[in-house]
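Biologist: I should like to go through the ligand site of this model and hear the reasoning behind each term.

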Amino acid sequence: MSDTISPHWHIEFFAPDEAHMRGISKIYASEKTPFQQVEVIQSNHYGKCLILDGHMQSAQVDEFIYHENLVHPAMVACPNPKKVVIIGGGEGATLYEVLRHNTVEKAWMIDIDKRVVELCDEYMPEWHRGAFKDKRTILMFKDGRKFLEKSKEKFDVIIIDIPEPVEAGPAYLLYTEEFYRMVAEKLSDNGIVSLQSGCSAEKELLCLAAVHNTLKKVFPLVYSWPANVPSFDIPWSFTIASKSVDPKALKRDQVDKILKERKIGHLKYYDGETHEGLFFIPKYIRDGFVKIKDIIRDNKPLTYRFIGEEKSSR
Ligand code: SAM
C-alpha cells in the first residue's frame with residue numbers, strides 16, 4: 001500500500017451519506033454507451049476494475065471470488081452441461097470459467113452492450129483470457145430477455161451475470177417472476193440457473209430475499225449463499241435454482257471428482273469443501289427469507305438508486 005494520499009479517486013456511493021473511495025492511478029476508459037456509464041480504472045489497491053453506472057463490477061485481485069461462485073456450483077451440479085448461456089457477462093470471466101468445463105459444446109454470451117465487451121476485451125484480458133475467441137463461444141449483443149424469448153434451444157445451465165436492478169438501468173426486467181418462468185422453460189430437465197443476487201448485509205436484504213422468494217415461485221430447489229468480495233466493500237450473494245437436480249446432495253468427494261474429470265485445473269475459491277459449506281448460511285439470512293415476502297413482477301419490479309433504498313415490490 002502506498003503511503004502517499006492518492007491524487008485521484010473513484011467514489012462509489014452506497015447511500016447519499018455512505019461511500020467507498022478508491023485511489024486511482026490510471027483511467028483506461030471512461031465513456032457513456034447507449035446503456036450505461038462505463039469506466040475501466042486502475043485502483044492502487046484492487047488492480048484493474050470495471051465500474052458500471054458508478055458501481056464496482058469486478059476487480060482484478062478478487063474477481064475469482066465472484067466468478068467462481070457464480071459459475072462452478074451450478075456447472076458442477078449439472079450432470080453433463082453441454083449447452084450453457086450467459087446473460088450479461090461483460091468482462092468475459094464468466095465465459096472463461098464456463099469453458100473450463102470440458103463437457104461444454106456451446107456457450108452463448110448475450111450482453112446488451114457491445115461497447116462494454118469491446119472495452120473489456122481490449123483492457124481486461126486477464127478476465128476473459130481469450131474466451132471470446134474460443135470456438136465454442138457464440139457472442140451476441142442483445143437484451144438477454146429478448147434472446148431467451150426467441151430462442152428455440154434448451155440450455156443445461158443458464159448464468160445470469162447482470163448488474164443490480166438499478167433505476168433506469170438495463171437489467172431490472174431480468175429479476176422478475178415472468179423472466180424466471182421463461183428461464184425455467186428454456187432449461188433442460190436437469191437444468192440449473194445461477195445468478196448474483198445482490199447485497200447480503202442484514203440491513204439490506206430486500207433484493208436477495210425478494211430474488212430468492214421469486215425464484216421459489218418457479219423452481220422447487222433454490223439455494224442462496226453469501227460471499228465476501230472485498231472490492232465490493234459490502235457482503236454479496238449468489239443463488240442457484242434447479243428443476244430437479246439437487247446441488248446440496250453433492251458431497252465434497254463427488255465435487256472434487258467432477259472437477260478432476262472435467263480437467264478444470266486450479267481454482268482459488270471453489271472445491272468440494274467449499275461446495276458443502278455453501279448450504280450453511282447465517283440465521284439472519286434464513287430469517288430474512290421468511291420475514292420478507294416480496295415477489296418481483298414485471299408490473300412491480302424491484303429497482304433502487306442506492307443499496308438499501310430498494311423500492312418494495314409489495
Ligand atoms: N459482475 C457484475 C456485478 O457485480 O453485478 C455483473 C457482470 S457484467 C459487467 C454485467 C453485464 O450485464 C454488463 O456488461 C451489461 O452490459 C450486461 N447487461 C445488463 N443488462 C442486460 C440485459 N438486459 N441483457 C443482457 N446483458 C445485460
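**The ligand and its shell**

Modeller: In this predicted model, 26 residues surround the ligand, and Q36, Q57, D111, D143 and G144 come nearest.

Biologist: What makes the approach of D143 to the ligand a polar contact?

Modeller: The cut-off for a pair of N or O atoms is 3.5 Å. An N or O atom in the side chain of D143 is 2.7 Å from a nitrogen atom of the ligand, so the pair is within 3.5 Å and counts as a polar contact. A polar backbone atom of Q57 lies 3.1 Å from a nitrogen atom of the ligand, and a polar side-chain atom of Q196 lies 3.1 Å from an oxygen atom of the ligand.

Biologist: How much of the ligand's area does the protein bury?

Modeller: Taken alone, the ligand exposes 600 Å², and the protein buries 100% of that. The ligand sits in the largest cavity.

Biologist: Why is the ligand said to lie between domain 1 and domain 2?

Modeller: Domain 1 (8-59) and domain 2 (63-291) both give residues to the shell around the ligand, and therefore the ligand lies between them.

Biologist: Which strands each supply at least two residues of that shell?

Modeller: Strands β4 (47-52) and β7 (106-111) do so.

How values were computed. Residues are numbered from 1 along each chain as its sequence is written. This is a predicted model: local features need pLDDT of at least 70, side-chain atom pairs count only at pLDDT 80 or more; totals for chains, interfaces and linings use all residues. Side-chain values use heavy atoms; hydrogens and water are left out. A residue is near a molecule or strand if one of its heavy atoms lies within 4 Å of it. A polar contact is a pair of N or O atoms within 3.5 Å; within protein, one must be able to donate a hydrogen and the other to accept it, and residues adjacent in sequence count only if both atoms are side-chain atoms. Accessible areas come from the Shrake-Rupley method with a 1.4 Å probe; for residues, only the protein chains shown count as cover. On a 1 Å grid over the protein atoms alone, a cavity is a set of points where a 1.4 Å probe fits but cannot get out, and a pocket is an open set with protein on both sides within 12 Å along at least five of seven lines; lining residues have an atom within 4 Å of a point. A molecule sits in a cavity or pocket if more than half of its atoms lie within 2 Å of its grid points. Helices (H or I, at least four residues) and strands (E, at least two) are DSSP runs, numbered from the N terminus. Domain bounds come from an automatic or database domain assignment.
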